[in-house]
Amino acid sequence: MIVKKIWMFLSALLLLCFITIPVCAINLDETGSITINLVDSDGSSVNDGTFTLYQIATTDGSSYTYTSSMDNCDVVLDIDDSSLAETLSSYIDENHISGNSQAINNGKLYYSDLNVGLYLIKQTTSSENYYDISPIVISVPLEVDGEYIYHVDASPKVEAVTTTTTTTPTTPTTPTTPSIPTITPSGNRLPQTGMLLAPIALMAIGGIIIFAIGWKLSYGQKKSI
């Protein structure tokens, strides 16, 4: 019976240790950093644009508490909520909350000397030829497989703007209708048909003369006989 009670006590103590290890493992005095890598699918680095980092919550090692600038946002601080970053980003814009702005340098952003807590990073100036990157919520430290990492690397999706060229089909040309030549009489006069009758008249007269000569010759011969 005593052995059973001792075993139950040790089991409860062991369970309590497992529950409290994550809280005890966070060093509240430690500072961390966040590195953002901005490389597109082709391996090209983004070299322009600005991002701003905001600390949105602090931690005591067991839970998060909104910072004073975010205290009135009325948003449940659930880091597993996929819409949390967009919601907090809108609140920041509406209330003109200031943060730590930094320009992209050779495809990277680097924020150092960060206190433990919860951070939101958002793009505040667009990058040429790229879509704006969605806001991201990042915790410092970041827990990975039970280990706390104080220097966090993040590589958000970078999407290049695609341009499509629309080719307008060429309108076929209308075939040219061949022109029909028109003949207009000079001076608006009708053709002179009399000129065509002249050779006929001459031929007729010539025939009469030849006939007369032949008749005379024939008549003279008959008379001499």
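Helices, with at least four residues, and strands, with at least two, are DSSP runs numbered from the N terminus. The exercises below apply this to a predicted model.

**Exercise 1.** Establish how many helices and strands the protein has, and in what pattern they follow one another.

*Solution.* Counting the runs gives three helices and 10 strands in the protein. Reading along the sequence then yields the pattern α-β-β-β-α-β-β-β-β-β-β-β-α, which begins and ends with a helix.

**Exercise 2.** Find what share of the residues is buried, and what supplies the exposed surface.

*Solution.* Start from the cut-off, since buried means under 20% relative accessible area. By this criterion, 26% of the 225 residues of the protein count as buried. Turning to the surface, the protein exposes about 16,900 Å², and carbon and sulfur atoms supply 59% of that area.

**Exercise 3.** Describe the largest nonpolar core and say which elements give two or more residues to it.

*Solution.* The largest nonpolar core has 19 residues, and those with the most contacts inside it are I34, I36, L38, F51, L109 and I121. Two or more residues come from each of β1 (31-37), β2 (50-59), β5 (108-115), β6 (117-125), β7 (136-140) and β10 (151-154), with β5 giving the largest share, three residues. Next, follow L38: leaving aside residues up to four places away in sequence, L38 touches ten residues, among them F51, I104, L109, I133 and V158. Finally, a second, separate core of 15 residues includes Y54, L84, I97 and L118.

**Exercise 4.** Determine what share of the contacts with a separation of 6 or more joins residues 24 or more positions apart.

*Solution.* Among those contacts in the protein, residues 24 or more positions apart account for 69%.

Technical notes:
Residues are numbered from 1 along each chain as its sequence is written. This is a predicted model: local features need pLDDT of at least 70, side-chain atom pairs count only at pLDDT 80 or more; totals for chains, interfaces and linings use all residues. Side-chain values use heavy atoms; hydrogens and water are left out. Buried means under 20% relative accessible area, exposed over 50%, partly exposed in between (1.4 Å probe, protein chains only). Contact means heavy atoms within 4.5 Å. Accessible areas come from the Shrake-Rupley method with a 1.4 Å probe; for residues, only the protein chains shown count as cover. A nonpolar core is a set of buried Ala, Val, Leu, Ile, Met, Phe, Trp, Tyr and Cys residues joined through side-chain atoms within 4.5 Å.
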